[in-house]
Amino acid sequence: MKLIWHDGQGACLFTKRLERGRFIWPSVGGETVTISPAQLSYLLSGIDWRTPQETQRPTRVG
């Protein structure tokens, strides 16, 4: 995946390749897609951002 990010002063090019699995990309026919920062984070982590699953976190370290 290649991502171009522009912050108003300049642009950065980021690349990412998953070692396993595949990116779950929004399917639209030639249209622009807008996703939230959280959805982008899921996408870059290889998580299906359409149906994220909540996981349990430990309440204390023991």
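Contact here means heavy atoms within 4.5 Å. The exercises below use a predicted model.

**Exercise 1. State which residues Trp49 touches beyond its sequence neighbours, and place Trp49 in the nonpolar core.**

Step 1. Leave out residues up to four places away in sequence; Trp49 then touches Ile24, Pro26, Gln39, Tyr42 and Leu43.

Step 2. Turn to the largest nonpolar core, which has 5 residues in all: Leu18, Phe23, Ile24, Leu43 and Trp49.

Step 3. Compare the two lists. Ile24 and Leu43 are touched by Trp49, and Ile24 and Leu43 also belong to the largest nonpolar core.

**Exercise 2. Decide whether Ile24 is buried or exposed, and find its contacts.**

Step 1. Locate the residue: Ile24 is in the loop between E2 and H1.

Step 2. Apply the cut-off, since buried means under 20% relative accessible area. Ile24 has a relative accessible area of 13%, so Ile24 is buried.

Step 3. List the partners of Ile24. With neighbours within four places in sequence left aside, these are Leu43, Asp48, Trp49 and Arg50.

Step 4. Check one pair by distance. Ile24 and Arg50 lie 26 residues apart in sequence, and their C-alpha atoms are 8.5 Å apart in space.

**Exercise 3. Do the same for Arg17: is it buried or exposed?**

Step 1. Arg17 lies in the loop between strand E2 (11–15) and helix H1 (37–45).

Step 2. Exposed means over 50% relative accessible area. The value for Arg17 is 75%, and therefore Arg17 is exposed.

Step 3. For a distance, take Met1: Arg17 and Met1 are 16 residues apart in sequence and 6.3 Å apart in space, C-alpha to C-alpha.

**Exercise 4. Describe how E1 and E2 pair, and how many of their residues are buried.**

Step 1. Set out the elements. The protein has 1 helix and 2 strands, in the order β-β-α from the N terminus.

Step 2. Give the sense of the pairing: E1 and E2 are antiparallel, over 5 bridges.

Step 3. Name opposite residues. Lys2 stands opposite Thr15 in E2, and Leu3 stands opposite Phe14 in E2.

Step 4. Look at the connection. The hairpin of E1 and E2 has 4 residues between the strands, and Gly8 takes a positive phi near 100 degrees.

Step 5. Count buried residues. In strand E1 (residues 2–6) the count is 0 among 5 residues, and the strand is hardly covered. In E2 the number buried is also 0 of 5 residues, so E2 lies largely in the open.

**Exercise 5. Summarise burial, surface and confidence for the protein.**

Step 1. Of the 62 residues in the protein, 10% are buried.

Step 2. The accessible surface comes to about 6100 Å², and carbon and sulfur atoms hold 50% of this surface.

Step 3. Among contacts with a separation of 6 or more, 27% are between residues 24 or more positions apart.

Step 4. The mean pLDDT of the protein is 78, with 84% of residues at 70 or more. By element, confidence is lowest in H1, at a mean of 81, and highest in E2, at 91.

Step 5. Add the caution for reading such values: where pLDDT is low, the predicted coordinates should not be read in detail.

Methods
Residues numbered from 1 in each chain as written. Predicted model: local features only at pLDDT ≥ 70, side-chain atom pairs only at ≥ 80, totals over all residues. Heavy atoms only, no water. Core = buried A, V, L, I, M, F, W, Y, C linked by side-chain atoms within 4.5 Å. Buried < 20%, exposed > 50% of the residue type's maximum accessible area, 1.4 Å probe, protein only. Areas by Shrake-Rupley, 256 points an atom, 1.4 Å probe, with all protein chains shown as cover. pLDDT = per-residue confidence, 0-100. Pairing = 2+ DSSP bridges.
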